[in-house]
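Here is a quick walk through the fold, starting from the inside and working out to the domains. Keep the viewer open as you read.

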Amino acid sequence: MISGKKTMELIDRIDRMFPDAECELIHENSFELTIAVLLSAQCTDNLVNRVTRDLFQKYKTPEDFLSVELSELENDIRSIGLFRNKAKNIQKLCRDLIDRYDGEIPENYDDLVSLAGVGRKTANVVLSVAFDVPRIAVDTHVERVSKRLGIARYKDSVLEVERTLMKKIPAERWSKTHHQLIFFGRYHCTARAPKCEACPLLEDCREGQKRMKAKARV
């Protein structure tokens with residue numbers, strides 16, 4: 001793994017590439033954000049935004065989501081992967097919000113992860129984006145980029161990647177860096193065709209150098 005100092009050098013370059021990176025899930029409040037992040041599991045933000053454009057017009061409160069049959073909610077989100085399980089979790093989450101939290105999204109990690117369908121990544125995103133709590137949420141982009149750049153080890157679990165990033169990056173930059181790593185992975189260091197030849201991090205990226213050498217041999 002690279003050092004904390006080298007990590008920050010790379011993060012600073014990514015910062016210059018994506019200075020305005022932010023959450024791309026469209027939402028108006030913490031409740032909508034939580035539902036959107038829940039829906040985004042194994043799904044693109046673009047697709048989620050297309051679905052929630054109508055969904056959030058129809059359902060504005062936890063009570064609204066519970067006022068329809070499960071089959072109707074399933075149909076409303078049918079174009080999203082795992083829609084049956086997600087619809088079931090949304091209704092369970094809404095019931096818990098009403099019964100335990102006065103219909104409001106809780107502002108602490110332990111309560112968030114107690115909600116149906118809310119795992120560590122979703123809780124961290126909600127805390128960071130909705131409540132301005134410094135967090136790093138490790139999704140597929142953050143994990144891939146962290147490992148390719150040598151910030152974390154390839155064998156590391158998602159939790160180990162998160163802890164490594166939190167150790168090497170100052171807390172005041174966690175939330176911003178989280179979004180910048182996502183943008184870097186989503187638009188530049190993509191899973192199948194990373195833009196290594198035009199990457200300002202290439203000289204410090206063993207993965208990128210390996211890919212460029214492989215291309216040169218073809």
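Which residues touch the most other members of the largest nonpolar core? In this predicted model, the answer is Ile35, Leu55, Phe65 and Leu93, out of 38 residues in that core. Helix 2, helix 3, helix 6 (83–101), helix 7 (109–113) and helix 8 (120–131) each put in at least two residues. There is also a second, separate core of 25 residues, with Leu10, Phe18, Ile151 and Leu181 among its members.

**Around helix 3**

Leu55 is a good place to zoom in. Beyond its neighbours within four places in sequence, Leu55 is in contact with Ile35, Leu39, Phe65, Leu73, Asp76 and Ile77. Leu55 is also one of the buried residues of helix 3, along with Asp45, Leu47, Val48, Asn49, Val51, Thr52 and Phe56. Covering those buried residues are, among others, helix 2, helix 4 (62–66), helix 5 (70–76) and helix 11 (174–187).

Helix 3 itself runs over residues 45–58, which makes 14 residues. From first C-alpha to last, helix 3 reaches 20 Å, close to the 20 Å expected at 1.5 Å a residue. Even so, helix 3 has a kink of about 35°, centred on Thr52. Is Thr52 buried or exposed? Thr52 counts as buried because its relative accessibility is 3%, under the 20% cut-off. Leaving out residues up to four places away in sequence, Thr52 touches Ile26 and Leu39.

**Two more buried side chains**

Phe31 and Leu127 are worth a look as well. Phe31 lies in helix 2 (residues 30–39), while Leu127 is found in helix 8. Phe31 has 9% relative accessibility, so Phe31 counts as buried. Leu127 is buried too, with a relative accessible area of 1%.

Here are the three residues with their helices and accessibilities:

| Residue | Helix | Relative accessibility |
|---|---|---|
| Phe31 | helix 2 | 9% |
| Thr52 | helix 3 | 3% |
| Leu127 | helix 8 | 1% |

What does Phe31 contact, setting aside its neighbours within four places in sequence? The list is Lys60, Thr61, Pro62, Phe65, Leu93, Cys94, Leu97 and Ile105. Two of those names, Phe65 and Leu93, came up with the largest nonpolar core. Phe31 and Ala130 are 99 residues apart along the chain, yet their C-alpha atoms are separated by 9.1 Å.

Leu127 touches Glu107, Asn108, Tyr109, Leu112, Asp132, Val133 and Arg135, again not counting residues up to four places away in sequence. With Leu149 things go the other way: Leu127 and Leu149 are 22 residues apart along the chain, and 26 Å lie between their C-alpha atoms.

**Domains**

Now zoom out. The domain assignment gives domain 1 (4–20 + 137–216) and domain 2 (30–131). How far apart are the centres of domain 1 and domain 2, taken over C-alpha atoms? They are separated by 29 Å. Nine residues from domain 1 and seven residues from domain 2 take part in the contact.

UniProt draws its own bounds: an unreviewed entry lists residues 39–187 as "domain: HhH-GPD". Over residues 39–187 the chain is 65% helix and 0% strand, and the C-alpha atoms at the two ends of that stretch are 21 Å apart.

Conventions: Residues numbered from 1 in each chain as written. Predicted model: local features only at pLDDT ≥ 70, side-chain atom pairs only at ≥ 80, totals over all residues. Heavy atoms only, no water. Helix = DSSP H or I, 4+ residues; strand = E, 2+ residues; numbered from the N terminus. Buried < 20%, exposed > 50% of the residue type's maximum accessible area, 1.4 Å probe, protein only. Contact = heavy atoms within 4.5 Å. Expected span 1.5 Å × (residues − 1). Bend = angle between axes of the 7 residues up to and from the residue. UniProt positions renumbered as here; feature names shortened; annotations may be inferred. Core = buried A, V, L, I, M, F, W, Y, C linked by side-chain atoms within 4.5 Å. Domains from an automatic or database assignment.
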